[in-house]
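Trainee: I have a structure open and would like to go through it with you. May I ask short questions as they come up?
Mentor: Please do.
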Amino acid sequence: RGGGMLFPAVADISLATNGASFGLPEIHRNMVPSVVSKALVERLGRSNARHLALTGESFSVKKALHIGLIDKILDTEELNQYIQNILRRWESQFPATKFIKSQLLPREPSHSVAMGTVAGT
């Protein structure tokens with residue numbers, strides 16, 4: 001939760017297990033989730049990002065999937081194999097993967113944080 005939401009917000013593919021939960025609790029401490037909010041606007045849209053930042057509500061993995069924060073919910077036992085399969089596919093298709101990430105669908109220049117695949121548990 002909180003700053004940890006930056007990882008699924010900037011990941012190319014965001015995975016989570018059934019027990020994961022999410023939220024931006026900063027508002028409850030009179031703080032502002034400034035860095036993560038910018039990434040959430042790109043991933044979820046301004047309305048969803050504002051709602052999460054202003055309410056500080058905790059939410060389930062199912063809601064995270066519904067609003068687009070994560071791309072897939074996996075059982076803990078299948079998570080590592082799923083990631084390995086994706087990485088093998090990317091490795092075997094490296095020129096296409098590189099083109100997609102750098103030319104066809106590049107990230108916004110405002111993202112100066114590390115991006116990649118993140119699995120939340």
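Trainee: Where is the place of Val32?
Mentor: Val32 sits in the loop between strand S2 (21–23) and H2. Please keep in mind throughout that this is a predicted model.

Trainee: Is Val32 buried or exposed?
Mentor: Val32 counts as exposed, because its relative accessibility is 67% and the exposed class begins over 50%. Its C-alpha atom is separated by 7.8 Å from that of Ala53, although the two residues are 21 apart along the chain.

Trainee: Which residue has a positive phi although it is not a glycine?
Mentor: That is Asn30, with a phi of about 60°. Asn30 also lies in the loop between S2 and H2. With a relative accessible area of 74%, Asn30 is exposed.

Trainee: Let us step back. What does the secondary structure of the chain come to?
Mentor: The chain has six helices and five strands. Read from the N terminus on, the order is α-β-β-α-α-β-α-β-α-α-β.

Trainee: How many of the residues in the chain are buried, as a percentage?
Mentor: Of the 121 residues in the chain, 33% are buried.

Trainee: And the contacts: what percentage join residues at least 24 apart?
Mentor: The figure is 72%, taken among contacts between residues at least 6 apart in sequence.

Trainee: Which residues have the most contacts inside the largest nonpolar core?
Mentor: They are Met5, Phe22, Leu40, Phe59 and Leu69, in a core of 21 residues. Helix H1 (6–10), helix H2 (34–44), helix H3 (46–55) and helix H4 (61–67) are the elements that each give two or more residues to this core. H2 provides the largest share, four residues. As a general background, nonpolar side chains tend to be buried together in soluble globular proteins.

Trainee: What does Met5 touch?
Mentor: Setting aside residues up to four places away in sequence, Met5 touches Phe22, Gly23, Leu24, Val36, Leu40, Leu52, Phe59 and Leu69.

Trainee: On to helix H4. Is Ala64 buried or exposed?
Mentor: Ala64 lies in helix H4 and counts as buried, because its relative accessibility is 0%. Beyond residues up to four places away in sequence, Ala64 touches Phe22, Phe59, Leu69 and Ile70. The C-alpha atoms of Ala64 and Ser21 are separated by 8.2 Å, with their positions 43 residues apart along the chain.

Trainee: What about Leu65: buried, exposed or partly exposed?
Mentor: Leu65 is partly exposed, at a relative accessible area of 37%; that class lies between the 20% and 50% limits. Leu65 is also in helix H4. Leaving aside neighbours within four places in sequence, Leu65 is in contact with Ile70, Asp71, Lys72 and Ile73. Leu65 and Leu15 are 50 residues apart in sequence, and their C-alpha atoms are 9.2 Å apart in space.

Trainee: Then Ile83. Where is its place?
Mentor: Ile83 is in helix H5. Ile83 counts as buried, since its relative accessibility of 17% falls under the 20% limit. Leu15 is 68 residues away from Ile83 in sequence and 8.9 Å away in space, C-alpha to C-alpha.

Trainee: Changing topic: how much space lies in the largest pocket?
Mentor: The largest pocket holds about 360 Å³ of space.

Trainee: Which residues lie nearest its centre?
Mentor: Asp12, Trp90, Ile100, Lys101 and Leu105 lie nearest the centre of the largest pocket, among the 13 residues that line it. By class, the lining has six nonpolar, two polar and five charged residues.

Trainee: Which helices each supply at least two residues of that lining?
Mentor: Helix H5 (76–92) and helix H6 (94–104) do. H6 gives the largest share, three residues.

Trainee: Last topic. What pLDDT does the chain average?
Mentor: The average is 85, and 86% of the residues score at least 70.

Trainee: Which elements have the lowest and the highest mean pLDDT?
Mentor: Strand S5 (residues 117–120) has the lowest, at 44, and H4 has the highest, at 97. Over residues 111–121 the pLDDT is below 50, although this stretch has 29 contacts in the model beyond near neighbours in sequence. Where pLDDT is low, the predicted coordinates should not be read in detail.

How values were computed:
Residues are numbered from 1 along each chain as its sequence is written. This is a predicted model: local features need pLDDT of at least 70, side-chain atom pairs count only at pLDDT 80 or more; totals for chains, interfaces and linings use all residues. Side-chain values use heavy atoms; hydrogens and water are left out. On a 1 Å grid over the protein atoms alone, a cavity is a set of points where a 1.4 Å probe fits but cannot get out, and a pocket is an open set with protein on both sides within 12 Å along at least five of seven lines; lining residues have an atom within 4 Å of a point. Grid points are joined across faces, edges and corners, and a volume is the space filled by probe spheres set on the points. Ala, Val, Leu, Ile, Met, Phe, Trp, Tyr, Cys and Pro count as nonpolar, Asp, Glu, Lys and Arg as charged, and the others, Gly among them, as polar. A nonpolar core is a set of buried Ala, Val, Leu, Ile, Met, Phe, Trp, Tyr and Cys residues joined through side-chain atoms within 4.5 Å. Buried means under 20% relative accessible area, exposed over 50%, partly exposed in between (1.4 Å probe, protein chains only). Contact means heavy atoms within 4.5 Å. pLDDT is the predictor's confidence in each residue, from 0 to 100.
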